[in-house]
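User: Please give me a close look at one part of this model, the surface near the DNA. I'd like to know where it comes from and what kinds of residues are in it.

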There are 2 protein chains.
Amino acid sequence: MPVSVRDVARKAGVSVGTVSNVLNSPDKVSKKTAALVQEAIDSLGFVRNDAARQLRAGKSRSIGLVVLDVRNPFFAEVARGTEEAAGEHGLSVLFANSDENSERENNLLALFEEQRVAGILVSPLTSDLSEISRIRDRGTPVVLVDRKSKNKTFSSVSVDDVAGGNLAVEHLIDSGKKRIMFAGGPLEIEQIADRLKGAQKAAEKKGVKLEVAETKNLTVLEGRALAEQILARPKNLRPDGIFAANDLLALGIIQVLVVAPDVSIPKDIALVGYDDISFAGSALVSLTSIRQPSLLIGAQAVELLIEETKGDGAPRRRQVVFQPELVVRDSTRK
Amino acid sequence: MPVSVRDVARKAGVSVGTVSNVLNSPDKVSKKTAALVQEAIDSLGFVRNDAARQLRAGKSRSIGLVVLDVRNPFFAEVARGTEEAAGEHGLSVLFANSDENSERENNLLALFEEQRVAGILVSPLTSDLSEISRIRDRGTPVVLVDRKSKNKTFSSVSVDDVAGGNLAVEHLIDSGKKRIMFAGGPLEIEQIADRLKGAQKAAEKKGVKLEVAETKNLTVLEGRALAEQILARPKNLRPDGIFAANDLLALGIIQVLVVAPDVSIPKDIALVGYDDISFAGSALVSLTSIRQPSLLIGAQAVELLIEETKGDGAPRRRQVVFQPELVVRDSTRK
DNA sequence: CTGTTAGCGCCTTCAC
DNA sequence: GTGAAGGCGCTAACAG
């Protein structure tokens with residue numbers, strides 16, 4: 001059933017070497033035989049076996065991307081960014097989704113490594129990069145996405161999350177809010193921890209108390225649950241400003257607060273999200289958010305990967321850090 | 001640099017066959033030698049070469065998924081559904097994104113075919129399935145996602161888009177609307193054409209005129225552009241009900257209409273979207289939409305793929321069609 | 001229980 | 001411009 005170069009060669013009355021040449025170095029073959037071979041290929045329905053090519057070549061033309069959550073539009077944008085950049089270099093991107101689960105993350109990483117992809121882009125879950133280091137040391141280039149390599153041993157593309165957190169809470173305080181809540185988690189996710197750190201810095205500086213509400217994950221549902229809890233409190237114990245560690249969470253919170261009879265946004269509770277996903281602007285109450293340049297992050301990650309591969313000597317590793325940006329909308333605008 | 005089974009065997013003082021057995025049939029090896037081999041594997045940093053395994057096995061443990069647009073949360077959900085179902089069968093899913101571009105679609109399909117994936121799930125762009133048929137005929141199982149196989153030559157999972165379109169427009173008419181606009185495109189995308197067909201059916205039945213505004217794509221941006229055009233018209237020439245072929249488009253339209261001084265939703269213009277993505281409920285004006293069971297669609301597609309692979313005789317192909325469901329929210333509620 | 005060996009399909013010298 | 005042959009890394013069958 002499967003058709004190999006050998007079958008093609010036989011049908012065309014040439015040798016396998018010639019078939020291979022038609023495929024890979026057409027200029028080495030006369031027009032006539034090339035046509036003959038092509039005809040055999042078409043009539044037999046021959047398709048190159050990539051496994052065999054790769055085995056021979058020792059490497060593949062694909063790069064792997066592991067993100068925390070496909071359903072988060074932020075990562076969808078990052079993915080698009082990688083695709084575009086990779087396409088320009090003749091590479092394909094294969095996505096996969098760790099779903100904020102370490103075991104899945106490791107499985108996917110192992111899968112990509114066994115596939116000998118040209119490189120791996122990963123948005124790692126925890127700060128424990130030992131497994132990832134091992135992969136890199138065995139020869140698969142790795143670039144960290146949305147996460148800075150603190151000790152500079154990895155190339156990485158990230159956004160200054162501490163600055164972002166700071167920006168968010170400063171803005172809340174400047175809007176006159178005094179009882180600020182940070183919502184997000186798990187705090188093992190380093191991006192989240194950094195956003196909290198920035199938030200705390202801003203709160204301290206202005207002498208405002210910051211309540212930390214750790215969540216199990218960063219979904220709309222979790223945001224809704226948290227908002228319900230807040231509403232269950234007596235009014236004077238509720239925060240008057242919430243900084244949610246991502247927009248999904250923030251949107252969930254908005255959904256619930258908007259229908260609460262005794263809360264008005266932003267008068268009673270103001271809200272800042274993070275990521276500035278494209279839906280933030282069209283939320284029930286349009287959402288103030290911290291923008292990350294998602295497309296650019298993806299594209300830059302691919303470039304770093306390629307830089308790292310290119311050099312013949314020691315690989316050049318760089319850490320690119322983008323600055324986040326505050327986008328003010330109705331959820332904090334008086 | 002690359003470590004092979006042979007290196008491991010040498011280091012452990014055993015033969016390659018034994019190493020392979022440790023990896024694939026641990027029960028055939030004594031505890032002691034297994035430990036010895038494992039140690040060699042760890043110290044050498046050996047990683048199986050999947051290309052070689054695949055070449056040997058003739059098939060892979062991955063399935064490929066090609067969607068129209070990663071950024072559309074509907075497809076993100078479908079992807080999650082496939083992942084979960086595939087995981088239960090020990091398969092991995094590799095996503096890719098045709099970006100509503102035929103050439104990209106074909107490239108990705110070719111890539112997956114050359115990789116000899118265990119199967120391809122594809123949400124095809126146009127109604128021309130000839131290339132996809134060819135792939136299937138050459139031996140790679142293909143399941144159509146979000147698209148019915150009209151002549152039953154493919155397994156497929158879809159939603160009755162004609163019914164969905166009908167549902168949407170009927171609802172608008174029942175809400176008292178008389179000048180309905182269908183927004184969506186390109187109409188070569190069969191799902192969109194079907195939704196239009198359903199819309200026309202409903203309009204005819206009730207004797208209402210349906211204006212068709214074909215768009216270049218199905219994004220928030222395109223929705224905004226369309227809404228601007230509508231606002232440029234004199235008030236009496238504007239539609240009083242819009243059925244947008246997906247939620248992204250609808251959200252874009254809402255964004256613009258909401259800030260228009262002389263339009264109120266749903267009084268002046270009511271709006272129905274399609275997909276019921278999770279952001280529909282938290283839109284500026286919460287969006288009435290036609291729900292598709294996205295997770296289920298993905299999971300079901302994987303099941304069909306596996307069914308098709310299983311049988312020894314002629315492959316069993318099935319067409320599963322889900323029914324869409326109207327979810328009423330503020331954008332049409334008086 | 002362990003070792004030896006023959007290919008999976010392809011590409012790339014190297015002769016011709 | 002073309003053909004023959006070796007080998008990429010792995011597994012499964014077979015022999016011991």
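Analyst: Happy to! Let's start with DNA strand D: helix 2 of chain B gives the largest share of the surface near this strand, five residues. This is a predicted model, in which local features need pLDDT of at least 70 and side-chain atom pairs count only at pLDDT 80 or more, while totals for chains, interfaces and linings use all residues. Residues are numbered from 1 along each chain as written, with chains lettered from A and ligands numbered from 1 in written order.

Helix 2 and helix 4 of chain A, and helix 2 and helix 4 of chain B, each bring at least two residues to the surface near DNA strand D (helices are DSSP runs of H or I, at least four residues, numbered from the N terminus). Around DNA strand D there are 25 residues (near means a C-beta atom, placed from the backbone, within 6 Å). The closest are A:Ser15, A:Gly17, B:Ser4, B:Val5 and B:Ala52. By class, the surface near DNA strand D holds 10 nonpolar, 10 polar and five charged residues (Asp, Glu, Lys and Arg are charged; Ala, Val, Leu, Ile, Met, Phe, Trp, Tyr, Cys and Pro nonpolar; the others, Gly among them, polar).

Now for DNA strand C. Here the largest share of the nearby surface, six residues, belongs to helix 2 of chain A. Helix 2 (16–24) and helix 4 (50–57) of chain A, along with helix 2 (16–24) and helix 4 (50–57) of chain B, each supply at least two residues. DNA strand C has 27 residues around it, and A:Ser4, A:Ala52, B:Val14, B:Ser15 and B:Gly17 come nearest. The surface near DNA strand C counts 10 nonpolar, 12 polar and five charged residues.
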